[in-house]
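Good morning, everyone, and thank you for making the time. Please bring up the sequence and the model on your screens, and we will walk through them together.

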Amino acid sequence: MTTMPAPPTGGPVSRRSSLALPLAVARLGFQRQFAYPQAALWGLITNSFFGLLRVAVLLALFGTRPQVAGYTPQDAITYTGLTQAFIMAFSLFGWFDFMRVIHRGEVTADLLRPASLLVFWAAQDAGRALGQLVLRGLPMLAIFQVIWGLNWPPGPLAWAQVTLSVLLAWACGFLFRFLVNCAAFWSPDAVGFGRFAWAVLGLGCGFLMPLAFFPEGFRAVLARTPFPGMLNTTVELWVGVTSGPAAWAALGTQLAWTVALLLACRVTLRAGLRRLEVAGG
Amino acid sequence: MDNLRHHLTLYLRLLGAQIRSQGAHRTSFILDALGSLLITAAEFAALALVLPRFGGLGGWTLGEICLLYGLAELAFVLMDILFGGFDAPNLSAHVRSGSFSTFLLRPAPLTLQVFASDFALRRLPRVLLAAAIAAYGLLHAPLAAGPETAALLTAAVLGMICFFGGLFVIGGTLTFWTVDSVEAMNALTYGGRTLISYPMDIYSAWLRRTFTYLIPAAFLSYLPALHLLGRPLPDGLPDWAALIGPLAGPLVLAGAFVFWRVGVRHYQGTGT
């Protein structure tokens, strides 16, 4: 959103304390979210209004049916509350920050930091995501709880699985966004590429509609992509559509995609930076 | 008359410059257009793909919903192409960077320059998709073909263009005072588009009434659609309310431009 944070103050960071820099960066990323509380309030009002409309459409779809594809109407309300709560934390409408840094050539300054580029950006985004979760996500859940009532995970095990799934959904989503932003190393047209990718993400991760409602064939295609792991898996674990052994399998799939995307990011980043050197950036 | 022709020539010349600059990066343009198209396509697909499982939406068939959805999307995208310069994020960027002040220095009408300042050609494929959805609705909804239907549908689209254009102008004007409320305006513009894309009887009574009597969104296409489908209007509204409904848009637009004049007079620059 805004410019890069200033490097953490308090003396030079030694290579020995390899966690100190990412933690400081994450803390700054977290704090920066609270700079414009008024904008956050308006954003919350806007997201609530869209939540209201989405709930109306889903409830009208259900009509008098008590259950569809494992979802009750109350589950559908919970689904809407969760997806509205995660919009900002997971940057579901897109993220161009790294792309901008590449375009401006500021990425060369990033390389001077005593932390890997990927770790640096992941830390910053983790802080940003947590800030947005506190600032916008939790109030959104509270609003939904007050107006419609939410279904909550049934026990400690389900809570643990949901928490794990939220972390993996963020990691998976961040790595996907980072990978898309890397397109800027090769093309000045990366913004268009990004917009295209975010549209695919919106449909594929279950933001527009719970994936369980889609026809079998379409779901089978999506199951072979990392997109469901970026939101839909978390929702299904929360409302209990996925439980028992299937829950662990779902978490395993999220983890596998996170590792795969991490490798893809590392390879792409290395190739991109080499290209930068060739170009003399 | 001569004055009008001069302004139209000027507007077209400004658009020409925009179009040439947007065509400079061909791949970028194609990707951007595809991405823009895909946003609408994904949103619509999410609805169309799940409808068979549910059978319908509050007693409305896919064809009937396509009529509402397609008309609203068609009008909104056309409006976006026409009024994009007034959209709060665009205008507030001009205000903050000080480039709005240069508009005032140029020997051309200010409003005309704002109109021509964000003509995004990449939205054209979305127009085609919206038209296709509306056409599917026209073919599959039980409408009587005839001049009255054609006239009312055309008036509805033009009315919606005016209505949302008016909201863009109001949102843009607000940025002369504050930029914080920009996102709240999105609730009315993009939210309003979403709201009227579905049959409004699915909303709770207070929400539907707010967007009928306080913000006259229901008059734009919902009431005309009810009339054309032979359904009764809500709240016992008389049938002629559907026929004069599209007038709500031009009224909002006229009010918006009055507000715009006040805002421009108030504008003092950012000092940059």
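Let me begin with a question: which residues of chain B does UniProt list for "transmembrane region"? The unreviewed UniProt entry gives residues 29-51, 57-83, 127-145, 151-177, 210-228 and 240-260 of chain B, with positions in the numbering used here, feature names shortened, and annotations that may be inferred rather than shown by experiment.

Before going on, I should say that this is a predicted model, in which local features need pLDDT of at least 70 and side-chain atom pairs count only at pLDDT 80 or more, while totals for chains, interfaces and linings use all residues. Residues are numbered from 1 along each chain as its sequence is written, chains are lettered from A and ligands numbered from 1 in the order in which they are written, and side-chain values use heavy atoms, with hydrogens and water left out.

Two of the chain B spans can be described from the model, where helices are DSSP runs of H or I, at least four residues, strands are runs of E, at least two, and both are numbered from the N terminus. Residues 57-83 of chain B are 81% helix and 0% strand, with end C-alpha atoms 32 Å apart, and residues 151-177 of chain B are 89% helix and 0% strand, with end C-alpha atoms 40 Å apart.

For chain A, the unreviewed UniProt entry lists as "transmembrane region" residues 39-64, 76-96, 133-152, 158-180, 192-214 and 246-265. In the model, residues 39-64 of chain A are 92% helix and 0% strand, and their end C-alpha atoms lie 39 Å apart. A:Ser48 sits in helix α2 of chain A, residues 37-62, and A:Ser48 counts as buried (under 20% relative accessible area, 1.4 Å probe, protein chains only) because its relative accessibility is 18%.

How, then, do the chains meet? In contact (heavy atoms within 4.5 Å) are 40 residues of chain B and 35 residues of chain A. Between chain B and chain A there is one salt bridge, meaning a side-chain nitrogen of Lys or Arg within 4 Å of a carboxyl oxygen of Asp or Glu, and the side chains that form a salt bridge are those of A:Arg195 and B:Asp32, at 2.5 Å from N to O. On the side of chain B that touches chain A, α2 (26-54), α9 (182-195) and α10 (205-214) of chain B each supply at least two residues, and the largest share, 18 residues, comes from α2(B).

Notes: Buried < 20%, exposed > 50% of the residue type's maximum accessible area, 1.4 Å probe, protein only.
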